[in-house]
Amino acid sequence: MKINKSAIKNVAIGASAAVWLAAPGFAQETLATVQERGNLNCQVGLPTPGFYALADDGTWSGMDVDLCRGVSAAIFGDPDKVEYQSVTSAVRFTSLANAESDMLSRTTTWTAVRDTQLGLDFTTVNFYDGQGFLVPEGSGIGSALELDGATICVLTGTTTELNLTDYFRANGMTFTPVTNENVNVLVETYLGGGCDAYTNDKSGLAARRSAFPDPSGHVLLPETVSKEPLGPVVRQGDDAWANLVRWVVFGIINAEELGVSSENVEEMMSSSDPNIARLLGSEGAIGEGLGVSPTFMVDVIKSVGNYGEIYEKHVGADTAIGIPREGTLNALWTQGGIIYAPPFR
């Protein structure tokens with residue numbers, strides 16, 4: 001994998017109106033542009049364990065990184081033709097709208113305003129989350145309803161900031177925000193005692209806590225105070241590109257449901273099950289309709305695995321982050337969750 005080191009930015013740029021105005025001119029023919037360039041420009045966030053972690057050797061890994069790699073595999077047959085662009089939450093939409101990125105894959109919440117007023121398209125959901133609160137273990141706080149009057153560390157330019165205000169207002173409580181657009185600075189502030197609690201998506205809190213010097217010294221409060229459907233984002237105006245990104249996600253979900261994995265995908269190419277045959281391109285013309293190889297999902301699954309493999313590898317119960325999947329919204333629909341994809345047909 002490659003890292004675009006000049007793309008790690010910490011400066012907020014532009015308002016939402018500027019994002020909307022910038023989008024249309026760059027929207028068309030993204031797939032052709034990516035193919036001609038020879039690599040995918042995929043935007044992630046500032047390094048975060050489990051979702052987009054950056055190793056000392058400059059390689060990226062994580063659940064959202066594997067989506068970048070999957071799209072690269074679908075286009076090039078190679079998961080590593082990716083330039084990763086790491087920016088703060090405050091500039092992510094401007095960067096995408098200005099065509100600095102081809103897609104955004106970085107735990108971004110799908111909302112009405114973002115979907116209708118920023119010149120963006122949310123393709124689908126690949127992780128269902130909700131906002132919570134992290135507090136020091138010795139604080140004596142056992143519920144978010146005990147945070148009245150507290151100072152709360154919150155990332156600016158996010159739905160998290162808005163949800164925090166809504167929650168305290170709805171419950172007749174007050175708080176003092178401690179804000180920053182750089183999550184690393186915010187975490188350092190929390191660990192240094194600069195706020196009573198740190199709020200974010202619960203997956204993000206678990207990811208950050210896993211990297212603390214003493215993870216056991218911090219408690220995730222039980223309340224979930226919002227809906228956070230997270231998924232990849234592209235610019236409006238290029239339906240073909242949105243379709244490709246969307247169906248890569250749908251493909252890895254269908255692969256898990258059908259029992260196709262990175263270990264058996266080549267064997268499964270000779271399956272007599274018509275659902276598997278269409279997924280893997282030995283029947284039908286789905287790949288051609290998307291502008292890629294008929295067997296594009298074979299390349300995707302060989303490179304990153306199915307949805308379950310990706311989840312368990314990066315954020316599952318046996319990882320340092322330790323987010324159990326069983327019994328949650330992120331289980332397959334056949335197992336009581338709502339991870340569900342339209343069929344390859």
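What follows is a walk through the fold, its two disulfides, one buried aspartate and one helix of a predicted model.

Starting with the overall picture, the protein chain runs through 14 helices and 15 strands. Its C-alpha atoms fit in a box of roughly 60 × 45 × 40 Å, laid along the principal axes. The radius of gyration is 20 Å, which agrees with the value near 20 Å that a compact globule of 345 residues would have. Just over the halfway mark, 53% of the 345 residues are buried. As for how the chain meets itself, take the contacts with a separation of 6 or more: 73% of them come from residues 24 or more positions apart.

The outside can be summed up quickly. The accessible surface of the protein chain comes to about 14,200 Å², and carbon and sulfur atoms own 51% of that. On the charge side, there are 21 positive and 41 negative charges, yet the mean positions of the two sets sit 4 Å apart.

Next come the cysteines. The model holds 2 disulfides, and with the bonded cysteines numbered in sequence order, the pairing reads 1-2, 3-4. One of the links joins C42 to C68, with 2.1 Å between the sulfur atoms. This link is left-handed, at -65° about the S-S bond. C42 belongs to strand β2 (residues 40–44) and C68 to helix α3 (residues 63–76), so the bond ties together parts of the chain that are 26 residues apart in sequence. Both C42 and C68 are buried.

The other link is between C153 and C195, and here too the sulfur atoms are 2.1 Å apart. The torsion about the S-S bond of C153 and C195 is about -105°, so this disulfide is left-handed. The pair connects distant parts of the chain, 42 residues apart: C153 sits in strand β10 (residues 150–155), while C195 is found in the loop between α7 (183–191) and β12 (197–201). As with the other pair, C153 and C195 are both buried.

Away from the cysteines, D102 is worth a look. This aspartate lies in the loop between α4 (92–97) and β6 (103–104). Despite the loop address, D102 is buried: its relative accessible area is 2%, and the cut-off for a buried residue is under 20%. Leaving out neighbours within four places in sequence, D102 touches T30, V34, R37, N39, L40, N41, L96, V234, R235 and W241. One of these partners, R235, is 133 residues away along the chain, but its C-alpha atom is separated from that of D102 by 8.0 Å.

The last stop is helix α13, which spans residues 296–304. Its buried residues are F296, M297, V298, V300, I301 and V304. The cover over them includes a whole set of other helices: α3, α9 (239–258), α10 (265–268), α11 (274–280), α12 (286–290) and α14 (307–314). Helix α3 has already come up as the home of C68, so the element that carries one end of a disulfide is also among those covering α13. After α13 comes G305, a glycine with a positive phi, near 90°.

Methods:
Residues numbered from 1 in each chain as written. Predicted model: local features only at pLDDT ≥ 70, side-chain atom pairs only at ≥ 80, totals over all residues. Heavy atoms only, no water. Helix = DSSP H or I, 4+ residues; strand = E, 2+ residues; numbered from the N terminus. Rg over C-alpha atoms; globule rule 2.2 N^0.38 Å. Buried < 20%, exposed > 50% of the residue type's maximum accessible area, 1.4 Å probe, protein only. Contact = heavy atoms within 4.5 Å. Areas by Shrake-Rupley, 256 points an atom, 1.4 Å probe, with all protein chains shown as cover. Lys, Arg positive; Asp, Glu negative; His and termini not counted. Charge placed at Lys NZ, Arg CZ, Asp CG, Glu CD. Disulfide = S-S within 2.5 Å.
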